[in-house]
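Have the model open in your viewer, with a cartoon for the backbone and sticks ready for selections. We will go from stop to stop, choosing something to select each time and looking at what is there.

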Amino acid sequence: MIRDGQPLRITGRGAWLDAGRPVSATRTLSLAHDAGVVSYVPGDLTLTVRAGTTLADIAKITGEKNQWLPLDPYGSADGTIGATVATASAGPLSSSFGLVRDLLLGMEFVNGRGEVIRAGGKVVKNVAGFDLTRLVTGSWGTLGVITEVTLRLYAQPPADRTVVIELDGTPREMAAVLRGMITPVLSPIAFQLVSRSISRALRLGESPVALLRFGGNESAVDAQISALRQIATPRELETTVWGSLRELDGKTTTAIRISSLPQRLLATAATILSDDLPAIYTNIDPRRGVMRITVSSDAPVGDGESDSNAAMDFSADTNGSSNVVFEKLPPDVWAAVSASVVADPLSQGIKKAYDPHNILNPGILGD
């Protein structure tokens, strides 16, 4: 199909087709059925799978050996590992276990010429010196069709507990509690501050909340939660709440990610979380310095564009110290907000080298 030279829309299971800019292609190449385990070596904590393998299947396979892939991108666990790598999607666990590039050891992909290329693992680098694994990760399928990946696994923690803390009171009172939780004494494997709208959607109450997940041996986790009780009043939850938080993304029309200095986001978190904006979900990772804003499909028409502008304003207010990434926007908004992220000469040169005829997801990252 690639050798035909016709523009292609590359997909996994198609759950995120509304993400990225509109693609100028009439044919679809789906990797959904190219699934399965190629190699699993529990002793080495490595797993090689085909790109169409779902995150849920990987969790099931590795869980049988008390191992896991601590990669929890926003969206459903029915999403494929190939799409996750192609979009470099990450979730709350990334603050402790790293991003996709940190868990990816190698891959196989097919470039725009129809050539099969292996990178990482068996092949460290190509002759030009590029780390191809990191280059293709996050390229949204514009440099090659990912067909196989080799992943780094971890042993599952013996104890895995989640607690929630209500952040009620004035912004000043909330800020005091938040500062108390950012301490070396506490080392949660996931830590998210979520808005009132998310709290309602997850049926956690009417206040903004902090979600903390602790993993390790029983005594270490007990000590962590005991230390937390000196600061606030935690209430224990099932760990399934993290899946529910991720799945909210599937019901959104707009997704914006803002990265800034952790202390800068933490300083404004209480004020941001205090805003009661129905159908607009905001969650903050105070350790990574990442704020994610999504707009539900139930939001009034136009809210997605307003939130896009608000994100740009936030970035401007922080004197360029913040980075705004638009993952999902209404199609007619892209041109005004972020026409292209690949217009620079370096990106153009890389694209020409790997997809000279521009047939792979043309337009998804802009012109």
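**Stop 1: an open pocket**

Start with the second largest pocket, which has a volume of about 640 Å³. Keep in mind throughout that this is a predicted model. To find the pocket, select Gly12, Trp16, Ala83, Thr84 and Thr87, which lie nearest its centre among the 36 residues of the lining. Now colour strand 1 (8–11), helix 2 (81–87) and strand 8 (144–152): these are the elements that give two or more residues each to that lining. Helix 2 has the largest share, with five residues. If you colour the lining by class, you will get 16 nonpolar, 16 polar and four charged residues.

**Stop 2: the whole protein**

Zoom out for a moment. The protein has 13 helices and 17 strands, and 50% of its 367 residues count as buried. Take the contacts between residues at least 6 apart in sequence: 71% of them join residues at least 24 apart.

**Stop 3: helix 6**

Next, select residues 171–181, which form helix 6, and show Met174, Ala175, Leu178 and Met181 as sticks; these are the buried residues of the helix. Look down the axis: they cover an arc of only 120°, so they sit on the same side of helix 6. Turn to the other side and you will meet Arg172 and Arg179, both exposed.

What do the buried residues of helix 6 pack against? Add strand 10 (159–166), strand 11 (190–194), strand 12 (209–216), helix 8 (218–229) and helix 10 to the view, since these are their packing partners.

**Stop 4: the nonpolar cores**

Stay with Met181 and show its surroundings. Neighbours within four places in sequence aside, Met181 is in contact with Ile165, Leu167, Leu186, Phe191, Ala210, Leu212, Leu228 and Ile231. Met181 also belongs to the largest nonpolar core, which has 37 residues; together with Ile165, Leu167, Leu193, Ala210, Leu212 and Leu228, Met181 is one of those that touch the most other members. Select 262–274 as well: this is helix 10, which gives the most to this core, with five residues.

There is also a second, separate core of 26 residues, and you can locate it by selecting Leu47, Leu103, Phe109 and Leu153, which are among its members.

**Stop 5: helix 13**

Select residues 345–354 for helix 13 and pick out its buried residues, Ile350, Lys351 and Tyr354. Viewed down the axis, they fall within an arc of 100°, so they line one face of helix 13. The face turned away from this buried side carries Pro345 and Lys352, which are exposed. To see what the buried residues pack against, display strand 6 (104–111), strand 7 (116–120) and helix 5 (132–136).

**Stop 6: an enclosed cavity**

How many cavities of 30 Å³ or more does a search of the whole structure find? The search finds one, and its volume is about 60 Å³. Select Tyr74, Ile198, Leu245, Leu248, Asp249, Tyr281, Asn283, Arg292 and Thr294 to see its lining. Strand 15 (280–285) and strand 16 (290–296) are the elements that give two or more residues to this lining. Colour the lining by class to finish: five residues are nonpolar, two are polar and two are charged.

Notes
Residues are numbered from 1 along each chain as its sequence is written. This is a predicted model: local features need pLDDT of at least 70, side-chain atom pairs count only at pLDDT 80 or more; totals for chains, interfaces and linings use all residues. Side-chain values use heavy atoms; hydrogens and water are left out. Buried means under 20% relative accessible area, exposed over 50%, partly exposed in between (1.4 Å probe, protein chains only). Helices (H or I, at least four residues) and strands (E, at least two) are DSSP runs, numbered from the N terminus. The arc is that of the directions from the helix axis to the C-beta atoms. Contact means heavy atoms within 4.5 Å. On a 1 Å grid over the protein atoms alone, a cavity is a set of points where a 1.4 Å probe fits but cannot get out, and a pocket is an open set with protein on both sides within 12 Å along at least five of seven lines; lining residues have an atom within 4 Å of a point. Grid points are joined across faces, edges and corners, and a volume is the space filled by probe spheres set on the points. Ala, Val, Leu, Ile, Met, Phe, Trp, Tyr, Cys and Pro count as nonpolar, Asp, Glu, Lys and Arg as charged, and the others, Gly among them, as polar. A nonpolar core is a set of buried Ala, Val, Leu, Ile, Met, Phe, Trp, Tyr and Cys residues joined through side-chain atoms within 4.5 Å.
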